[in-house]
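Visitor: Please give me a close look at a single part, the enclosed empty space, and then walk me outward to whatever else is worth pointing out. I work with grids and probes all day, so feel free to be specific.

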Amino acid sequence: MRKISADYIYAIDRPPIKEGVLIVNEEGKVIDITNRNDHDLAELEIYRGVIIPGMVNTHCHMELSHMLGKIPTGTGLIPFISQVVKFRDFPQEEIDNAIAAADKYMYEQGIVAVGDISNKADTAKVKSMSKIQYYTFVEMFDFIQDSMRDAMIKQYSEVYNLQSDQNGNKKSFVPHAPYTVSDGLYQFIKENNVPNSTVSIHNQETKHEDDLFNFKTGDFIEFYEGFGFPLNDFKATGKNSIYHAMSQMDPDQRTLFVHNTRTTAEDIAAAQQWSDRVYWATCANANLYIENALPNYKAFIDAQANMTIGTDSLSSNWQLSVFEEMKTIKKYNSYIPTSTLIEWATYNGAMALGFDDTLGSFTIGKTPGAVLIDCELDGDEEVILTNAELKRLV
């Protein structure tokens, strides 16, 4: 039994507890949360700062971990995608070692669950042995080419079958993005996921995505032609891309829209009217790395949207730390309370991946892990992230 205390305990399922004591057993299960004056101080582990549940990274591409520093920053999404395709050919040993190192790093950074995009089965072995719980999103695309659909279904079904759903892990088929998936492939995804799945999709990361769906203009036309896939049969819808995605996806599943740098208040309202199981993943450092842009967080907060935090990949980020993402969001959006970011990073992420029965809060009986944010406090319980440091406790 461990009794762990700090200036505040952020249990998430209740207000912050001043000088609280988190009691966990040898397996990390939450037994109770009490106050420091109920204990002999000699029995306690006492820290400066706040203790929060383990964090959830809702969007990662761990299979791209070998690409750290390989792609220039600030190129925009379309040149970035072209570079990712170019750098796929690496020695398998180098890829495997980078994946293992990424998993270890995320665990040390207090991450307890990851929503991980997989186009290949390279990550399957590490996930099967990891201390982290993984929700593997087997990401499918056919470049809106009906002639490619059957081959892609076969290819990605093999990847799906190789990914483990044992030891608390989960998996589902997911579409890459509105601009890369045919209606027939969307239909396959809907028909082949089990009930209560999470389905992620890259959403409104660049102006060119909405231009394509609104007007059939923008750089995606030339991008596709460069790969030999002319969009002759593509018809503009006159609406932003998210509306096409919603028309093809299942509102009864949890839907995780990822990036959302161009998403408007009207888009958010439409999505939340379409389904009450919508979640949004922000990957701030990756958005700055690729497009030098961030979402309009105020629009999401005003809509009481279920925001979560992802890291994207080491091809588009400098690290895979949810804590560093929180710092970046706070740096450029100081009006957002750190307590709100903590909720995004913990409970909301666990809800989005369907891991909230065991993770995301210090609810008695859960095994959410525990992370110390060693920091100064503004007034009472509000965390100052500048110069704050992180330590995994449980």
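Guide: Happy to! A cavity here is a set of points on a 1 Å grid over the protein atoms alone, where a 1.4 Å probe fits but cannot get out. The volume quoted for it is the space filled by probe spheres set on those points. Please keep in mind that this is a predicted model.

By this rule, there are 2 cavities of 30 Å³ or more. The largest cavity holds about 100 Å³ of space. Its wall is made by Pro175, Tyr186, Ile189, Lys190, Asn193, Val199, Gln248, Met249, Asp250, Gln253 and Thr255. Sorted by class, that lining comprises 5 nonpolar, 4 polar and 2 charged residues. Helix H5, which covers residues 183–192, is the top contributor to the lining, supplying 3 residues.

From the cavity we can turn to an open space. The second largest pocket has a volume of about 370 Å³. A total of 17 residues line this pocket, and those nearest its centre are Ile144, Asp146, Ser182, Asp233 and Phe234. Its lining divides into 7 nonpolar, 6 polar and 4 charged residues.

What about the packed parts? The largest nonpolar core has 108 residues, and the members that touch the most others are Met106, Tyr179, Trp280, Met326 and Ile373. Helix H13 (residues 338–352) gives the most to this core, with 6 residues. A separate core of 14 residues lies apart from it, and Ala6, Ala11, Leu22 and Leu393 are among its members.

Met106 deserves a stop of its own. Beyond its neighbours within four places in sequence, this methionine is in contact with Asn57, Cys60, Met62, Ile111, Val114, Ile132, Tyr134 and Leu320. Two strands come into view here. Strand S8 spans residues 55–60, and 6 of its 6 residues are buried. S8 pairs with strand S9 (residues 111–118) in the parallel sense, over 4 bridges. Within that pairing, methionine 55 of S8 has isoleucine 111 of S9 as its bridge partner.

Let us move on to the backbone. Most residues other than glycine have a negative phi. Asparagine 167 goes the other way, with a positive phi of about 55 degrees. This asparagine sits in the loop between helix H4 (149–162) and strand S11 (170–175). Because its relative accessible area is 63%, asparagine 167 counts as exposed. Glutamine 204 also has a positive phi, near 45 degrees, and its place is the loop between strand S12 (198–203) and helix H6 (207–215). With a relative accessible area of 0%, glutamine 204 is buried.

One last stop is valine 85, in helix H1 (residues 77–86). Its relative accessibility is 46%, so valine 85 counts as partly exposed. Between valine 85 and glutamate 209 there are 19 Å in space, C-alpha to C-alpha, and the two are 124 residues apart in sequence.

Methods
Residues are numbered from 1 along each chain as its sequence is written. This is a predicted model: local features need pLDDT of at least 70, side-chain atom pairs count only at pLDDT 80 or more; totals for chains, interfaces and linings use all residues. Side-chain values use heavy atoms; hydrogens and water are left out. A nonpolar core is a set of buried Ala, Val, Leu, Ile, Met, Phe, Trp, Tyr and Cys residues joined through side-chain atoms within 4.5 Å. Buried means under 20% relative accessible area, exposed over 50%, partly exposed in between (1.4 Å probe, protein chains only). Contact means heavy atoms within 4.5 Å. On a 1 Å grid over the protein atoms alone, a cavity is a set of points where a 1.4 Å probe fits but cannot get out, and a pocket is an open set with protein on both sides within 12 Å along at least five of seven lines; lining residues have an atom within 4 Å of a point. Ala, Val, Leu, Ile, Met, Phe, Trp, Tyr, Cys and Pro count as nonpolar, Asp, Glu, Lys and Arg as charged, and the others, Gly among them, as polar. Two strands pair if DSSP finds at least two bridges between them.
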